[in-house]
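Dear colleague,

I am passing on to you the structure that we talked about, together with some notes on what was found in it. Please look at it first and then read on.

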Amino acid sequence: MSLYKNIIKPFFDILSAGIGFFLLFPFFAITWLILMFKNNGKAFFYQERPGKNERIFKIIKFKTMNDKTDSHGVLLPAQQRLTKTGIFIRKHSLDEIPQLLNVIKGDMSLIGPRPLLMKYLPIYNNEQKKRHHIKPGITGWAQVNGRNAISWDKKFEYDVWYVNNMSFLLDLKILFLTIYKVFKKDGIYSVDNDIMPDFTGTKTDE
């Protein structure tokens, strides 16, 4: 696995992300133009996320939420800020295209555990922390097995299982399952389950 993990997979990531970005550039450009108009010139969303070995990087996605706040200046809940344009973009997984740039930069892999919020770092248990032994991915084993329709504990279980069982054939399987689910719109998006509730920790360490 070491040869695949350290040499073959990074090469495959950069090559595939480059080809993918080239092929998807028309969709990237059209989405960018629409969001520039809809979001007052703000087409992208940047946020710090932990990567391999918890190294911090900035993830880039298309901006699918507005910046509306309550009377105290606090951002409204994510569900209330998700725009109609944002719903369409997420439904068709267009918001993930800019992350190909993160892969080309070396911050991410095509396949791996999804990079989550910084605020979760202190509350992972020892088993859950293993998800950071490899680069985070645009898609992963948890995404093709339920995405946000499964519990946090199950999601982390899938993530750690992938870290322990990563292989070329498994990556190929996840890639094809992701493409299939995007085209079939099978479990990829729904307004009700696309936004996960915050992770608050697991009571017992495993």
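The notes below deal with a hairpin, with residues of positive phi, and with one glutamine.

This is a predicted model, in which local features need pLDDT of at least 70 and side-chain atom pairs count only at pLDDT 80 or more, while totals for chains, interfaces and linings use all residues. Residues are numbered from 1 along each chain as its sequence is written, and side-chain values use heavy atoms, leaving out hydrogens and water.

Strands E1 (residues 44-50) and E2 (residues 56-62) run antiparallel and are joined by seven bridges; strands are DSSP runs of E with at least two residues, helices are runs of H or I with at least four, and both are numbered from the N terminus. Five residues lie between E1 and E2 in this hairpin, and Asn53 in the turn has a positive phi of about 60 degrees. Glu54, in the loop between E1 and E2, also has a positive phi, near 65 degrees. Most residues other than glycine have a negative phi.

Ser93 has a positive phi of about 60 degrees as well, and is found in the loop between helix H3 (84-91) and H4.

Is Gln99, which lies in helix H4 (residues 99-105), buried or exposed? Gln99 counts as buried because its relative accessibility is 0%, where buried means under 20% relative accessible area, exposed over 50% and partly exposed in between, with a 1.4 Å probe and protein chains only. The C-alpha atoms of Gln99 and Lys61 are separated by 6.2 Å, although these residues are 38 apart along the chain.

With best wishes

Definitions and conventions. Pairing = 2+ DSSP bridges.
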